[in-house]
Amino acid sequence: MSLVETKPVRQDTDVVVRLDSVSKQYGAGANALLALDKVSLTVRQGEFVCLLGASGCGKSTLLSLVAGLDEISGGTLDIGGRHVSLMFQEAALFPWLSVSGNVELAMRLRGIGKAERRRRAAELLDVVRLTGFGDKRPHELSGGMRQRVALARALAQDADILLMDEPFGALDAMTRDILHDELERIWREQALTVVFVTHNVREAVRLGDRVVLLSSRPGRVIEDFPVGHARPRRIDSPEVAGQAADITDRLRAEVARHAH
Amino acid sequence: MPTDVKDDAADRLSGLDALELSPARERDLGRRLWRATWPKLLAVGIVIAAWQLVVLSEWKPEYVLPGPATVFGDLATLVTTGDFWEGVRLTMLRAVTGFALAVLIGTVVGAAVSRFAPLRAAIGSLITGLQTMPSIMWFPLAILLFQISESAIMFVVVIGAAPSVANGLISGIDYVPRTWLRVGQVLGMTGFARYRHLILPASLPSFISGLKQGWAFSWRSLMAGELLVIVPGALSVGVRMQQARDLSESSLVISFIIVVLVIGILIDMLFNAADNALRKRWGLTGT
């Protein structure tokens, strides 16, 4: 049972992200679109939180707000000045740089010296198990490998909070399954705090300490499900499948509400 | 045993990586060269054969339209003379200087236009308009402004090529993929760093096609210029061609046409090589 980890009970001082009645509205007047409506959410240090919802629930909007790429329309959002990194569905590596160059770029922009950059990039490529691929070009790698380079690049930012916007959405099931294991391992080894957006219920239950279910148009928090299953988990284990079925029912009821 | 589980995971992952990477393909360089060359040789052969047939049909007398054998004979003699290479040197010097100036001006204008919205509104469409202007239209004005001089030729070469260079850069900057821009934002790129590390490298392919087009325009403008603006003492390729026409030496005129064509093709090959190298590096090739 050495793999089952026991986590210390966390206090409220551990909170790294706090959203209090956060709203986000696009446009104004009659054409205004309310993307998020009074969303309250806290994420603690070292926690893995999955945000789950159907289309139009403002999951990506929420991440953009936390990442500071967009401004909130109401409420308060507090990340205590922490550094945030964001990963997308596309790896979006720069083709004019080598794999290592892409990972180094985050450090280069912070003015870290060349030798230190190279050393750290090699280290991070080890972490995502791409040892020796540093001199390759992004196009020489498969989709799953590129996504791991993107993860290494995000880690290179030394951010306190890693936001992931459906990072495995474009990958095949086999690759995704293996990358779940990898992400779980890296999250534990590096003591990361992760906010992971997905519309795949099983993926959310497979990965999260909590699954936060959002409604659609506007996005509101419907329910916050704690996930207590021992790690490492398997996406096809009965516990994961069972809880995923419960959450799916709840999600279907929410989607059906929009049927008129 | 936890370590075993860990190694399993690593094996699964590297196994998957190995399956997903396409095996490297080796191909024989000689065969590839031959495959690229023979259609060109065939095309040249067909053109020469057609030319010979026209000559044999006696559509025009031999002294007006000489056959390939005569022309290539004269061309062979021509390229052994120092005078000829002096002319080529002068013409190429003008071409390279003019093109370099055009690249400098086009890049500065293109960067400024894509950076400042009012400037784009003001001269964005003017640049495209200039691009479609036949460069020969500029010579009367250029001669009035600069008299019969090198400057008159340079003026037209630059004004012919700079808009293409500027447009290449502008469209390259306009079409930087949104996902890259978002990554730039996430990585905290602002101001100059954003240009240095994202916008400029991302617009490189479009910039290179702008350069290529700019070169074609400047080469054309230069040839028109050398025929129209004959600077005393400067015996460029164009001037020598004009002299040949004045002496009714058809064979020499055709020889110079071939020389200009070959230079154009050679330079185009250089640009294509740069373009292909970039595409290969970026993984934009079909294979």
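A:Asp158 sits in the loop of chain A that joins helix H4 (143-156) to strand E6 (161-165). The model is a predicted one. In it, phi of A:Asp158 is near 50 degrees, a positive value in a residue other than glycine. Most residues other than glycine have a negative phi. A:Asp158 is partly exposed: 13 other C-beta atoms lie within 10 Å. Residues with 12 or fewer such neighbours count as exposed, so A:Asp158 falls just outside that class.

A second positive phi occurs at A:Glu166, at about 45 degrees, and this residue is not a glycine either. A:Glu166 lies in the loop between E6 and helix H5 (173-189) of chain A. It has 19 C-beta neighbours inside 10 Å and therefore counts as partly exposed, since burial requires 20 or more. Strand E6 thus has one of these residues in the loop before it and the other in the loop after it.

Chain A also contains a cis peptide bond. It runs from A:Arg231 to A:Pro232, with omega near -5 degrees. Most peptide bonds are trans. A:Pro232 belongs to the loop between strand E9 (221-226) and helix H7 (238-256) of chain A.

Strand E7 (residues 193-198) of chain A is mostly covered, with six of its six residues buried. A:Thr193, A:Val195 and A:Val197 point one way from the strand. A:Val194, A:Phe196 and A:Thr198 point the other way. Both sets are buried. E7(A) pairs with two strands named here. Strand E3 (residues 48-52) of chain A runs parallel to E7(A), and five bridges join them. Within this pairing, A:Val49 has A:Val195 as its bridge partner. E6(A) also pairs with E7(A) in the parallel sense, again over five bridges. Here A:Met164 stands opposite A:Phe196. The two partner residues on E7(A), A:Val195 and A:Phe196, point opposite ways from the strand.

Chain A is assigned two domains. Domain 1 covers 13-82 + 160-256, and domain 2 covers 93-158. Their C-alpha centres lie 26 Å apart. Ten residues of domain 1 are in contact with seven residues of domain 2. On the domain 1 side, H5(A) provides the largest share, four residues. That side divides into seven nonpolar residues, two polar and one charged. A:Asp158 is in the loop between H4 and E6, and residue 158 is the last position of domain 2 as assigned.

Chain B is helical. It has twelve helices and zero strands. Its C-alpha atoms fill a box of roughly 95 × 55 × 35 Å along the principal axes. The radius of gyration is 26 Å, whereas a compact globule of 287 residues would have a value near 19 Å. Buried residues make up 27% of the 287 residues. Of the contacts in chain B with a separation of 6 or more, 75% are between residues 24 or more positions apart.

Helix H8 (residues 178-186) of chain B has B:Val183, B:Gly184 and B:Val186 as its buried residues. Seen down the axis of H8(B), these fall within an arc of 160 degrees, so they line one face of the helix. The buried residues pack against elements of both chains. In chain A these are helix H1 (59-67) and strand E5 (84-87); in chain B, the partner is helix H9 (191-202). Just after H8(B), B:Gly188 takes a positive phi of about 80 degrees.

The contact between the chains takes 27 residues from chain A and 26 residues from chain B. On the chain A side, E5, helix H2 (99-108), H4 and H5 each supply at least two residues. H5(A) gives the most, with five residues. The chain A side divides into 15 nonpolar residues, seven polar and five charged. H5(A) therefore leads on two sides: the side of domain 1 that touches domain 2, and the side of chain A that touches chain B.

How values were computed
Residues are numbered from 1 along each chain as its sequence is written. Chains are lettered from A and ligands numbered from 1 in the order in which they are written. This is a predicted model: local features need pLDDT of at least 70, side-chain atom pairs count only at pLDDT 80 or more; totals for chains, interfaces and linings use all residues. The radius of gyration is taken over C-alpha atoms; the globule rule is 2.2 Å times the number of residues to the power 0.38. Two residues are in contact if their C-beta atoms, placed from the backbone, lie within 7 Å. The arc is that of the directions from the helix axis to the C-beta atoms. Domain bounds come from an automatic or database domain assignment. Ala, Val, Leu, Ile, Met, Phe, Trp, Tyr, Cys and Pro count as nonpolar, Asp, Glu, Lys and Arg as charged, and the others, Gly among them, as polar. Two strands pair if DSSP finds at least two bridges between them.
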